[in-house]
Amino acid sequence: ALVHGGPFANIAHGCNSVNATLCAIASGDYVVTEAGFAADLGAEKFLDIKCRSAGLNPSAVVIVATIRALKMHGGVPKTELSTENLAALEKGFENLAVHIENIAKFGLPAVVAINKFVTDTDAEIELLQNLCSKFGARAVLSEGWEKGGLGAESLAQEVVNIVENEKSDFKFLYPLEMTLKEKIETLATQIYRASNVEFSSTAL
């Protein structure tokens, strides 16, 4: 594990330093690096800024999700998240679907790591896997919290399978030559799903 970044580096750009990533690439067969704050803020900055500036060419993306969080997105109060609720899970999946779509816009295959809680039911896990499949992403159960390394083995194998057997077509969301106004409009509409962007005279 290589952790390298200045003060508040994760808040500024959601990922560690280029040096840390290059050291990892030189040291291992596969490198998994975090681009925090979801597939909008964190991953977008990692892909459009860090990868471009460092010449990195990622092969795949792992999106971490929990059934509890998706049920909360579906309207379930925090006190009731331990109760099976397939309808809320399906409704809350809309949030995860957007992140899967965002990653696809960069031409990268995605695997969803279902970070398992002891209260997750088999029916909820199966539903989430089916929903992810409809959006072109494989969902794999990650049980590292409960079982340590063995609990994350199937996730690791799926990532390796994607890297070795699926072709990524990595591309940036915008060219550097775009005007600042066009870049803002692209990010706002393509990643954050704004219908349009209005600029005040002061902003212009």
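In this predicted model, helix α5 (residues 86–104) packs against helix α6 (residues 122–134) at an angle of about 35°, and the two axes sit 10 Å apart. The crossing of this pair is right-handed. On the α5 side, the residues that make the contact are Leu86, Leu89, Glu90, Phe93, Leu96 and Ile100, and they meet Ala123, Glu124, Leu127, Leu128, Leu131 and Cys132 of α6. Sorted by class, that makes 10 nonpolar residues and two charged ones, with no polar residue in the mix.

One of the α6 residues in that contact, Glu124, also turns up in a salt bridge. Its side chain meets that of lysine 71, with N and O at 2.9 Å. Lysine 71 belongs to helix α4 (residues 67–73) and glutamate 124 to α6, so this pair ties together parts of the chain that are 53 residues apart in sequence. Neither end is out in the open: glutamate 124 is buried at a relative accessible area of 0%, and lysine 71 is buried too, at 1%.

Helix α6 also has a sheet to deal with. It lies across β2 and β3, running at about 150° to β3. The sheet itself is open and has three strands in the order β1-β2-β3, paired in parallel. Strands β1 and β3 are at the edges and have a single partner strand each, so one side of each has no neighbour in the sheet. On average, neighbouring strands here are turned by 30° against each other, if direction is ignored.

Strand β1 (residues 61–65) runs parallel to β2 (residues 110–115), and five bridges join the two. In one of these pairings, valine 61 of β1 has alanine 110 of β2 as its bridge partner. Valine 61 also sits on the covered face of β1, together with Ile63 and Ala65, while Val62 and Val64 make up the uncovered face.

At the other edge of the sheet, β3 (residues 138–142) is linked to helix α8 (residues 153–165) by a side-chain pair, arginine 138 with glutamate 158, so parts 20 residues apart in sequence are tied together. This is a salt bridge with an N to O distance of 2.5 Å. The two ends differ in exposure: arginine 138 is partly exposed, with a relative accessible area of 45%, whereas glutamate 158 counts as buried at 11%.

In total, the structure holds six salt bridges. Besides the pairs already described, arginine 52 forms one with aspartate 48, and the closest N and O atoms are 3.7 Å apart. That figure falls inside the 4 Å limit used for calling a salt bridge. This pair stays within one element: both residues belong to helix α3 (residues 38–54), where they are four residues apart, or about one turn of the helix. Arginine 52 and aspartate 48 are both buried.

Methods:
Residues are numbered from 1 along each chain as its sequence is written. This is a predicted model: local features need pLDDT of at least 70, side-chain atom pairs count only at pLDDT 80 or more; totals for chains, interfaces and linings use all residues. Side-chain values use heavy atoms; hydrogens and water are left out. Axes are lines fitted to C-alpha atoms, for helices over the stretch in contact, and angles run from 0 to 180 degrees between N-to-C directions. A crossing is left-handed if the near helix is turned anticlockwise from the far one by less than a right angle, and right-handed if clockwise. Contact means heavy atoms within 4.5 Å. Ala, Val, Leu, Ile, Met, Phe, Trp, Tyr, Cys and Pro count as nonpolar, Asp, Glu, Lys and Arg as charged, and the others, Gly among them, as polar. Buried means under 20% relative accessible area, exposed over 50%, partly exposed in between (1.4 Å probe, protein chains only). Two strands pair if DSSP finds at least two bridges between them.
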